[in-house]
Number of protein chains: 2
Amino acid sequence: MISTRGRYAVRVMIDLAENNTGSYIPLKDIAARQGISKKYLEIIVKDMVAGGLLTGASGKGGGYRLCREPEEYTIGEIIELMEGSLASVACLASGAMPCPRADACETLPLWAEYDKLTHDFFYGKKLSDLVR
Amino acid sequence: MISTRGRYAVRVMIDLAENNTGSYIPLKDIAARQGISKKYLEIIVKDMVAGGLLTGASGKGGGYRLCREPEEYTIGEIIELMEGSLASVACLASGAMPCPRADACETLPLWAEYDKLTHDFFYGKKLSDLVR
DNA sequence: TAAAAACCTATTGACATAGTAGGTAAAAGG
DNA sequence: CCTTTTACCTACTATGTCAATAGGTTTTTA
């Protein structure tokens with residue numbers, strides 16, 4: 001299941017795309033519009049900056065903004081960054097120990113096929129597709 | 001992510017389909033073949049019996065067996081039974097509180113579309129498709 | 001220089017995961 | 001009948017993740 005980290009991140013991205021004024025948007029405003037705790041969003045947004053989705057600016061007049069055009073972001077990269085992986089099973093997660101049963105496993109191809117479906121779905125959606 | 005409950009359940013089903021002798025298969029044998037703790041499998045298999053996937057028989061000569069033909073099971077029903085839901089987000093899980101923001105939510109259609117994809121994928125696979 | 005904002009570290013309660021432990025009940029074989 | 005084999009049952013536990021909260025410090029602009 002996709003957790004609040006991934007879901008809130010997508011909503012922050014949409015919010016920034018829809019409320020783009022050219023200048024920085026304070027997190028307070030995003031939190032108020034989205035009805036999400038500002039304190040919790042701080043943690044999420046910090047990782048989004050570290051992952052290159054957003055840029056932040058401290059001080060008065062500061063806040064956050066997108067660092068690319070909405071059509072240059074895929075939903076897949078947002079979710080994958082925030083959730084750590086899009087993989088459906090632990091054996092296929094990036095950084096997982098290779099499973100000793102992988103060669104004989106009769107279920108691995110199933111999970112791999114589903115993972116490809118998932119990957120193609122989310123990387124095929126652009127942020128701009130979700131902006132009204 | 002699909003947990004061991006769902007993954008092990010699918011493996012038990014495949015194991016039973018492949019080693020079908022007409023009589024009951026002891027869990028000890030399944031656990032040994034699959035390399036999974038028998039004690040842990042007990043918990044999982046118990047729920048599979050309760051959910052109507054398997055029938056169990058106590059006593060000497062007892063064990064478990066499928067109660068339908070392999071082509072009459074979908075992978076979707078196995079996973080959904082064991083994981084509680086196939087939903088990708090909490091707001092769409094069966095039994096979830098309806099989200100007050102659902103009407104205005106710009107991400108809900110995305111999750112709903114993905115859920116449909118997931119549902120169609122797993123309900124489109126039959127147990128017999130995974131048996132060698 | 002004061003306000004507004006990001007940025008930082010730490011903590012918490014609740015729950016899920018992946019098991020382990022130690023039994024009781026049932027059924028068949030000898 | 002009795003022993004073995006098997007399912008079935010309740011309880012416990014260690015670890016980790018999730019979704020926040022709390023209380024600061026630093027940076028920047030007006």
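## Surface near DNA strand D

Seven nonpolar, eleven polar and seven charged residues make up the surface near DNA strand D in this predicted model. In total, 25 residues surround that strand, and the closest are A:Ser3, A:Ser37, A:Gly59, B:Leu27 and B:Gly56.

Both chains contribute elements to this surface. From chain A, helix 1 (4–18) and helix 3 (38–50) each supply at least two residues. From chain B, at least two residues each come from helix 2 (27–34), helix 3 (38–50), strand 1 (54–57) and strand 2 (63–66).

## Surface near DNA strand C

Around DNA strand C there are 25 residues, of which A:Leu27, A:Gly56, B:Ser3, B:Ser37 and B:Gly59 come nearest. The surface near this strand has seven nonpolar, eleven polar and seven charged residues.

Here chain A provides helix 2 (27–34), helix 3, strand 1 (54–57) and strand 2 (63–66), each with at least two residues. Helix 1 and helix 3 of chain B likewise supply at least two residues each to the surface near DNA strand C.

## Contact between the chains

The interface joins 22 residues of chain A to 22 residues of chain B. On the side of chain A that touches chain B, helix 1 and helix 5 (108–123) each supply at least two residues. By class, that side of chain A comprises 13 nonpolar, three polar and six charged residues.

## Relation of the two copies

Chain A is superposed on chain B by a rotation of 180 degrees with 0.0 Å of shift along the axis, at an RMSD of 0.1 Å. The two copies are therefore related as by a two-fold rotation axis. Within chain A, the C-alpha of A:Met1 is the nearest to this axis, at 3.0 Å. Both copies use the same surface, since 100% of the contact residues of chain A recur in chain B.

## Helix packing within chain B

Helix 1 (residues 4–18) of chain B packs against helix 3 of chain B at an angle of about 75 degrees, and their axes are 10 Å apart. These two helices of chain B are therefore roughly perpendicular to each other.

In this contact, helix 1 of chain B presents B:Arg5, B:Tyr8, B:Ala9 and B:Val12, which meet B:Leu41, B:Ile44, B:Val45 and B:Met48 of helix 3 of chain B. The contact residues of the two helices divide into seven nonpolar, no polar and one charged.

Definitions and conventions
Residues are numbered from 1 along each chain as its sequence is written. Chains are lettered from A and ligands numbered from 1 in the order in which they are written. This is a predicted model: local features need pLDDT of at least 70, side-chain atom pairs count only at pLDDT 80 or more; totals for chains, interfaces and linings use all residues. A residue is near a molecule or strand if its C-beta atom, placed from the backbone, lies within 6 Å of it. Helices (H or I, at least four residues) and strands (E, at least two) are DSSP runs, numbered from the N terminus. Ala, Val, Leu, Ile, Met, Phe, Trp, Tyr, Cys and Pro count as nonpolar, Asp, Glu, Lys and Arg as charged, and the others, Gly among them, as polar. Axes are lines fitted to C-alpha atoms, for helices over the stretch in contact, and angles run from 0 to 180 degrees between N-to-C directions. Angles under 35 degrees count as roughly parallel, over 145 as roughly antiparallel, 65 to 115 as roughly perpendicular and the rest as oblique. Two residues are in contact if their C-beta atoms, placed from the backbone, lie within 7 Å. Copies are superposed by least squares on the C-alpha atoms of residues with pLDDT of at least 70 in both.
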